[in-house]
Amino acid sequence: MPVLRYRGRLAPSPTGYLHVGHARTFWTAFERARAAGGTLAMRMEDLDTDRSRAAYAEAAIEDLRWLGIGWQEGPDVGGPFAPYAQSRRGDVYLAAWRKLLQSGWLYACRCSRKDLETALAAPHESAEADAGDLQGNREMEPQDDEPVYPGTCRPEGKATDLGGGGAAEIESPDGVNWRFRVPDGEAIEFEDLNLGPQRFVAGRDIGDFVVWRRDGVPSYQLACVADDAAMGITEVVRGADLLRSTARQILLNRALGFDDPAWFHCGLVADRNGRRLAKRHDSLSLRVLRGRGVTPMDILAGEVRELVSLSSETPVEAKLQ
């Protein structure tokens, strides 16, 4: 069997300015691709149309170049797998959705956010935590974790809930949420190249998850899997907050007949209060730190609390609305 040439990727989401945690993770991806003598592709994950901004995409490219990170393919340089922006790759995701539907892995879910909040809060001891997590997802990145779906719309057996029709009669996924039915009780195991053996149980650690939203937008899980397969990505480097997403994506790869890439999850960077960084931490954005004279070496090697002392605790004045 021929050995695949290393292909890694950078996948920023242009919903805000990149911060120190992004810098560390993207630098790791860059170093691993360079050490393997492989190719690194930049893919702009701009499916969140409400929050994605062209200015943030431009800033991500500029800030990563300033750090010293280079890539061989991307929205700014082109390449054999263009386009390199998810907002322009709808046909790829639609083909994956159709295959999952026709194979019986999907069912229509008509639950609103309010329905889910009510169902998750009702019988569980952890009601406040679950409801809080769900509420918090409104301001979280699209790839962040989600509560286990209670199965409100899940049909009996493996048949897809098509409302009396067949899969071939469904022309568009729009109008309802489409969920992937996980194989309850099955353990999804994988070896992370940084964090070691990982194990998640379907139905307990991860529930049925959305692959297409009612507003016509594919989920992070589906888009990521379809793109990584289409672009021939052999290793995924990202933050440890996405370990559960990896379990979901392994199930999607299996259902779609795709090979799994290798996985390398980086430890998360926390602020001085121990909370992991998010794009709302404006004072630790690369854009602000650059403006205050912080160097790439400071960011890649320094402690976050040291960087905080160099930054402002006030919001970024030029933050986009």
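## D228 and its surroundings

D228 makes contacts with R9, R43, I233 and V236, leaving aside residues up to four places away in sequence. The model is a predicted one. D228 sits in helix 6. With a relative accessibility of 7%, D228 falls in the buried class, for which the limit is under 20%. R43 is 185 residues from D228 along the chain, yet the C-alpha atoms of the two are separated by 9.8 Å.

D228 also belongs to a network of salt bridges. The other members are R9, R43, E45, R89 and D227. R9 and R43 therefore appear twice around D228: they touch D228, and they are linked with D228 in the network, while D228 itself is buried.

## Helix 6, an enclosed element

How many residues of helix 6 are buried? Nine of the eleven are, so helix 6 is largely enclosed by the rest of the structure. The buried set consists of Y220, Q221, L222, A223, C224, V225, A226, D227 and D228. Two members of the salt-bridge network, D227 and D228, are thus in the buried set.

Several elements cover these buried residues. Among them are strand 1 (7–10), strand 7 and strand 8 (235–239). Helix 3 and helix 7 are also part of the cover. After helix 6 comes G232, with a positive phi near 65°.

## Helix 3 against helix 6

Helix 3 spans residues 90–102 and helix 6 spans residues 220–230. Their axes come within 9 Å and cross at roughly 110°. That angle lies in the 65 to 115 degree range, so the two helices are roughly perpendicular to each other.

Helix 3 brings V92, Y93, A96, W97 and L100 to the contact. Helix 6 brings L222, A223, A226, D227 and A230. By class, the contact has nine nonpolar residues, no polar ones and one charged residue. D227, a residue of this contact, is also in the salt-bridge network.

Spacing along a helix helps in reading such lists. An α-helix has 3.6 residues a turn, so residues three or four places apart point the same way.

## Helix 3 against helix 7

Helix 3 also packs with helix 7, residues 243–256. Here the axes come within 10 Å and cross at roughly 75°. This crossing makes helix 3 roughly perpendicular to helix 7.

Which residues meet? From helix 3 they are A96, K99 and L100; from helix 7 they are L252, A255 and L256. The contact divides into five nonpolar residues, no polar ones and one charged residue. A96 and L100 of helix 3 take part in the contact with helix 7, and A96 and L100 are listed in the contact with helix 6 as well.

## Salt bridges across the chain

The model has 19 salt bridges. E62 takes part in two of the pairs described here. E62 pairs with R287, their closest N and O atoms being 3.7 Å apart. E62 lies in helix 2 (residues 54–67) and R287 in helix 8 (residues 286–291), 225 residues apart. E62 is partly exposed, at a relative accessible area of 41%. R287 is partly exposed too, at 27%.

R290 forms a salt bridge with E62 as well, the closest N and O atoms being 3.4 Å apart. R290 lies in helix 8 and E62 in helix 2, so this pair ties together parts that are 228 residues apart in sequence. R290 has 25% relative accessibility and counts as partly exposed.

Another pair joins two loops. R154 forms a salt bridge with D208, with the closest N and O atoms 2.8 Å apart. R154 is in the loop between helix 5 (127–136) and strand 4 (177–180), and D208 is in the loop between strand 6 (196–201) and strand 7 (209–212), so the pair ties together parts 54 residues apart in sequence. Is D208 buried or exposed? D208 is buried, with a relative accessible area of 5%.

## Confidence

The mean pLDDT of the protein is 83, and 76% of its residues reach 70 or more. Residues 123–144 have pLDDT below 50; beyond near neighbours in sequence, this stretch has 33 contacts in the model. Over residues 312–321 pLDDT stays under 50 too, and the model has 18 contacts for them beyond four places in sequence.

Conventions: Residues numbered from 1 in each chain as written. Predicted model: local features only at pLDDT ≥ 70, side-chain atom pairs only at ≥ 80, totals over all residues. Heavy atoms only, no water. Axes fitted to C-alpha atoms, helices over the stretch in contact; angles between N-to-C directions. Helix = DSSP H or I, 4+ residues; strand = E, 2+ residues; numbered from the N terminus. Parallel < 35°, antiparallel > 145°, perpendicular 65-115°, else oblique. Contact = heavy atoms within 4.5 Å. Nonpolar A, V, L, I, M, F, W, Y, C, P; charged D, E, K, R; others polar. Salt bridge = Lys/Arg side-chain N within 4 Å of Asp/Glu carboxyl O. Buried < 20%, exposed > 50% of the residue type's maximum accessible area, 1.4 Å probe, protein only. pLDDT = per-residue confidence, 0-100.
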